[in-house]
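Here is a walk through one model, taking in its sheets, its helices and its main pocket. Have a look at the fold before reading on.

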Amino acid sequence: MDISDEDKVFYLDALRTYLCNYSSITLSSFELVKDLVKFQQISKNDILLNEGDVAKNIYFLGSGVVRAYSSDQEGHTYNKNIFLAGKMVGSMVSALLQKPSSFTLQALDESILLSLNFTKFKQFILEKDDLKNYYIAYLEKEWVMDKEQREVSLVMESASVRYEKFMEENPGIDRKISLHHIASHLGITPTQLIRIRKDLK
């Protein structure tokens, strides 16, 4: 099913709000970003980026759920992150260094994404101070502060506390994706997660 013009306007407004939450973006700068946007609709289980491929794009998730996961030699998978609507999705390290991604991006639900060519987007960031300010604020929050908090949580907090926090930050996510994926994201087994959910009830 095609994305309607009305929905495209809605998702572009959501993208602008997202960018401005980090730093104010002028209308002229956003027009540059908007011109880069390509809408992409993917089905549940579709792969957005394969582990080992070089990332050319980053994405704003308009709707749906996407996971980033890595696989070991035995074929076991570990969810590095789970993204819900209203977040940026992509392999930033791969896009920045133009090296193979260390994880796979897969849709866990039907999803609509706004794709941005990273090289062109980065050029606008270098040229426009407001986009540069956004980029700095984004990296500081997502890749320094939030990353550090996640690492501390994994070591210092119990699985029950991590689960409660995850559900508070992502209400209703257990109705969108399987408990297996939530358990993998929290670094516990599905059996442990079932026990935690039972205890909390």
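Helices (H or I, at least four residues) and strands (E, at least two) are DSSP runs, numbered from the N terminus. The model is predicted, so to speak of local features takes a pLDDT of at least 70 and side-chain atom pairs count only at pLDDT 80 or more, while totals for chains, interfaces and linings use all residues. Residues are numbered from 1 along each chain as its sequence is written, and side-chain values use heavy atoms, with hydrogens and water left out.

**The sheets**

Strands are said to pair if DSSP finds at least two bridges between them. One open sheet has four strands in the order S1-S8-S3-S6, with antiparallel pairing. S1 and S6 are at its edges with a single partner strand each, so one side of each has no neighbour in the sheet. Helix H1 (residues 5–20) packs on this sheet and touches S1, strand S3 (57–63), S6 and S8, its direction making about 115 degrees with that of S3. Contact here is heavy atoms within 4.5 Å; axes are lines fitted to C-alpha atoms, for helices over the stretch in contact, and angles run from 0 to 180 degrees between N-to-C directions. H4 also lies across S3 and S8, at about 60 degrees to S8.

The other four-strand sheet is open too, in the order S2-S7-S4-S5, and again antiparallel in its pairing. S2 and S5 hold the edges, each with a single partner strand, so one side of each is left without a neighbour in the sheet. On average, neighbouring strands in this sheet are turned by 30 degrees against each other, direction ignored. H7 lies across S4 and S5, running at about 105 degrees to S5.

Here are some of the strand pairs, each with one facing pair of residues:

| Antiparallel strands | Bridges | Facing residues |
|---|---|---|
| S1 and S8 | five | Lys38 and Ser115 |
| S2 and S7 | two | Ile47 and Gln106 |
| S4 and S7 | four | Tyr69 and Thr104 |
| S4 and S5 | seven | Ser70 and Tyr78 |

In a regular strand the side chains alternate between the two faces of the sheet. In S7, Thr104 and Gln106 point one way and Leu105 and Ala107 the other way, and all are buried (under 20% relative accessible area, with exposed over 50% and partly exposed in between; 1.4 Å probe, protein chains only).

**Two loop residues**

Asn45 is not a glycine, yet has a positive phi of about 80 degrees. Asn45 sits in the loop between strand S1 (38–42) and strand S2 (47–49), and counts as partly exposed because its relative accessibility is 47%. Gln98 is not a glycine either and has a positive phi of about 55 degrees. The loop holding Gln98 runs between helix H3 (92–97) and strand S7 (104–107), and at 37% relative accessible area Gln98 is partly exposed.

**The largest pocket**

A pocket is an open set of points on a 1 Å grid over the protein atoms alone, where a 1.4 Å probe fits, with protein on both sides within 12 Å along at least five of seven lines; lining residues have an atom within 4 Å of a point. The largest pocket holds about 1200 Å³ of space. Its lining has 38 residues, with Asn81, Asp146, Arg150, Glu169 and His185 nearest the centre.

Which elements each supply at least two lining residues? They are strands S5 (77–84) and S6 (88–89) and helices H4 (118–127), H5 (129–156), H6 (159–169) and H7 (179–186). H5 gives the largest share, twelve residues.

Note on methods. Points joined across faces, edges and corners; volume = space filled by probe spheres on them.
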